[in-house]
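Please work through the exercises below with the sequence and the model at hand. Each task is followed by a solution in steps.

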Amino acid sequence: MLVLTPSPLSQTTPLMSVLAADLPIVHRCTRWIVETPKAARAALKTLEMPIPIRELEIVSIKEAQPEQLKAWLQNASPDKPVGLMSDA
């Protein structure tokens with residue numbers, strides 16, 4: 001399962017537009033494919049992730065190896081979803 005998560009438009013006052021009903025799914029994501037890791041960490045912090053941000057696997061789509069992305073996506077499941085976040 002691939003979970004598309006919106007990035008906040010403002011980095012100074014980030015407001016996430018994730019519905020409360022979707023938070024449990026987002027919280028299960030321990031692997032994240034992102035455009036900019038620093039911005040993604042800041043955005044994920046606002047979601048009160050159940051594990052420390054530093055323990056999440058966050059990879060920049062620009063720097064990731066194709067084999068790594070392929071493996072992550074092939075192994076993604078409802079129990080182990082992969083998050084995808086793009087900069088606004």
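The exercises that follow treat the fold, the sheet, the helices, a surface patch and a salt bridge.

The model is predicted: local features need pLDDT of at least 70, side-chain atom pairs count only at pLDDT 80 or more, and totals for chains, interfaces and linings use all residues. Residues are numbered from 1 along each chain as its sequence is written, and side-chain values use heavy atoms, with hydrogens and water left out.

**Exercise 1. Determine the secondary structure of the chain and the order of its elements.**

Step 1. Helices (H or I, at least four residues) and strands (E, at least two) are taken as DSSP runs, numbered from the N terminus. The chain holds three helices and four strands.

Step 2. Read from the N terminus, the elements follow the pattern β-α-β-α-β-α-β.

Step 3. Contact means heavy atoms within 4.5 Å. Of the contacts in the chain with a separation of 6 or more, 68% are between residues 24 or more positions apart.

**Exercise 2. Establish the strand order of the sheet and identify the strands at its edges.**

Step 1. Two strands pair if DSSP finds at least two bridges between them. The four strands form an open sheet in the order β1-β4-β2-β3, with parallel pairing.

Step 2. β1 (2-4) and β3 (57-60) each have a single partner strand, so one side of each lacks a neighbour in the sheet.

Step 3. Examine the pairs in turn. β1 and β4 are joined by three bridges, and Leu 4 stands opposite Leu 84 in β4. β2 and β4 share four bridges, where Trp 32 has Gly 83 of β4 as its bridge partner. Four bridges also join β2 (residues 31-34) to β3, and Val 34 is partnered there by Ser 60.

**Exercise 3. State which strands helices α2 and α3 lie across.**

Step 1. Axes are lines fitted to C-alpha atoms, for helices over the stretch in contact, and angles run from 0 to 180 degrees between N-to-C directions.

Step 2. Helix α2 (residues 37-46) lies across β2, β3 and β4 (82-85), at about 145° to β3.

Step 3. Helix α3 (residues 66-75) lies across β1, β2, β3 and β4, at about 130° to β2.

**Exercise 4. Describe the nonpolar surface patch that includes Leu 2 and Leu 4.**

Step 1. Patches are made of residues with over 30% relative accessible area and no salt bridge; like charges are joined within 9 Å, and nonpolar side chains (Val, Leu, Ile, Met, Phe, Trp, Tyr) within 5 Å. Accessible areas come from the Shrake-Rupley method with a 1.4 Å probe, and for residues only the protein chains shown count as cover.

Step 2. Leu 2, Leu 4 and Leu 73 make a patch of about 300 Å².

Step 3. Buried means under 20% relative accessible area, exposed over 50%, and partly exposed in between (1.4 Å probe, protein chains only). Leu 4, in strand β1, is exposed at 62%. Leu 2, also in strand β1, is partly exposed at 43%.

Step 4. Leaving aside neighbours within four places in sequence, Leu 2 is in contact with Leu 73, Val 82 and Leu 84.

**Exercise 5. Locate the one salt bridge of the structure.**

Step 1. A salt bridge is a side-chain nitrogen of Lys or Arg within 4 Å of a carboxyl oxygen of Asp or Glu. The side chains of Arg 31 and Glu 57 meet this criterion at 3.1 Å, N to O.

Step 2. Arg 31 lies in strand β2 and Glu 57 in strand β3, 26 residues apart.

Step 3. Arg 31 is partly exposed at 25% relative accessibility, and Glu 57 is partly exposed at 36%.
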